[in-house]
Amino acid sequence: MSIHADDEFSLRLAIDTELDDVTPRDGLADLVIARYRKSRRRRFAGVFGLFVVFAGIGVPIGVASTSGGTAARSGPVALRLGSYTLTLPDRYHLGDARTAPCATGAGAAQETAAVASGVCVLMFFMPPARPGQAGQDVPRDAKQVTVGRYRAWLAPPGYTPSGDGPGHPALVNTALVIEGRGRDLVIGASGLSRSALVSLVSAGLSGTGVHGLPSEPCRRLARGTSASPRSTSTR
Amino acid sequence: MRDAPAGREAEFTEFVGSASARLLRAALVLLDSREEAEDALQLTLLRTFRRWDNARQSPEAYSRTVLVNVCRERWRHRARHPEVTGVFADTGALAVVASFAEAADRRHVLVRVLRRLPAVQREVLVFRYMLDATVADTAAALGIPEGTVKSAASRGLDQLRMLLSAEYEDKRVRRVHPR
């Protein structure tokens, strides 16, 4: 067809005639639908990947923050029971009192535990033999030591103290009995030597429920008399 | 009874069968080459299919608007990233025709002349005379007043007549006095 300005001008007809050989490729709709599906799969994979990444970062942080883990915490760890506080180095983190490897299973109201790599530290009250009188349950061959400002007994190997509440004996290989007012405090550990436990407690124990030195029992100790009426039960 | 995605795809396939040729020709006028036009058409159809639930009421109008947006994106991209010319300057015959598609394009005198029009006039002529859009639809799709559509159409046609006259005069001269 001739297109000329002098002709009767019909642009639509002229274009249709000139471009009648311009046709889209076969199967264009299928191609577009396949491309759409592919992009949707990619988008879904991207969203899913982001979800996995955020879950992978967020869940450990959440778990660590609720269980006192290392991811959300920095600085020393304070192990508290009653009015006592045992400050531990920052490699420790608070453990669940029921499920900690060394716990007696008596629960958080009765005991508290902290764990580090291969080490478990447990703190609980020893039941008084008589109401209002502490220090009745320390074994005969316990070694009396001074731990910081406090008087304590280092239990012999094989001694497995029991807590105040229901539960099995503590799974500790080292135990230190701190004399307190009314009831004694037991700090046990698995994975620590006796000297390491003594230095850990010396450095970190504080509280208002313990006797400070020089106390009356310690003055008596210094004079060479019996410190307190200890019973001889060994468990 | 067909399930929803299958029905959606069948509707879309039917629409592509009826409208894609016109959209491709419009893209060919708005852009510079057959390859670009085919790419733009695919992208237009893809975007239309993504929003098919909205587009199915009036898929022609929806796809026209998408097409002009795709073409404008390409113009902007080309303005930001101008091609380096002269790479094929000394390669003889190959420099003249880069592809068969381009060779085919060269036969389209009217398309070539339309491409020389200013952008607004070209878009208006494409919408009015190739995509059969009304003045109101053209104004809405291009985002310009209806008065501008009318004046751009009128000026575009005048310009087109003038350019075509010059084109044919040039051809006639060449035929009489071959170089």
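In chain B of this predicted model, helix H1 packs against helix H4 through B:Phe15, B:Ala19, B:Leu23, B:Ala26, B:Ala27 and B:Leu30 on the H1(B) side. Their partners in H4(B) are B:Pro59, B:Glu60, B:Ser63, B:Leu67 and B:Cys71. By type, the residues of this contact are nine nonpolar, one polar and one charged. H1(B) also gives the most residues to the side of chain B that touches chain A and to the largest nonpolar core.

**How H1(B) and H4(B) cross**

- H1 covers residues 4-30 of chain B, and H4 covers residues 59-80 of chain B.
- The axes of H1(B) and H4(B) come within 11 Å and cross at roughly 30°.
- Because angles under 35 degrees count as roughly parallel, H1(B) is roughly parallel to H4(B).
- The handedness of the crossing between H1(B) and H4(B) is right-handed.

**The largest nonpolar core**

- This core has 50 residues, and those touching the most other members are B:Ala26, B:Ala27, B:Leu28, B:Ala40, B:Leu67, B:Cys71 and B:Val126.
- H1(B) supplies 11 residues to this core, the most of any element.
- Two of these well-connected members, B:Ala26 and B:Ala27, also belong to the contact of H1(B) with H4(B).
- On the H4(B) side of that contact, B:Leu67 and B:Cys71 are likewise among the core members that touch the most others.
- Apart from neighbours within four places in sequence, B:Val126 is in contact with B:Ala26, B:Val29, B:Leu30 and B:Leu131.
- A second core, separate from this one, has 44 residues, including A:Ala100, A:Cys102, A:Phe125 and A:Tyr150.
- In soluble globular proteins, nonpolar side chains tend to be buried together.

**Where chain B touches chain A**

- The contact between the chains involves 28 residues of chain B and 19 residues of chain A.
- On chain B, the elements giving two or more residues are H1, H2 (34-50), H7 (109-115), H8 (119-130) and H10 (146-176).
- H1(B) has the largest share of this side, with 10 residues.
- The chain B side divides into 18 nonpolar, six polar and four charged residues.

**The make-up of chain A**

- Chain A contains four helices and 10 strands.
- Read from the N terminus, the order of its elements is α-α-β-β-β-β-β-β-β-β-β-α-β-α.
- Chain A has 235 residues, of which 31% count as buried.
- Of the chain A contacts between residues at least 6 apart in sequence, 55% link residues at least 24 apart.

Terms used:
Residues numbered from 1 in each chain as written. Chains lettered and ligands numbered in written order. Predicted model: local features only at pLDDT ≥ 70, side-chain atom pairs only at ≥ 80, totals over all residues. Axes fitted to C-alpha atoms, helices over the stretch in contact; angles between N-to-C directions. Parallel < 35°, antiparallel > 145°, perpendicular 65-115°, else oblique. Left-handed = near helix turned anticlockwise from the far one by under 90°. Contact = placed C-beta atoms within 7 Å. Nonpolar A, V, L, I, M, F, W, Y, C, P; charged D, E, K, R; others polar. Buried ≥ 20, exposed ≤ 12 C-beta atoms within 10 Å, placed from the backbone. Core = buried A, V, L, I, M, F, W, Y, C linked by C-beta atoms within 7 Å.
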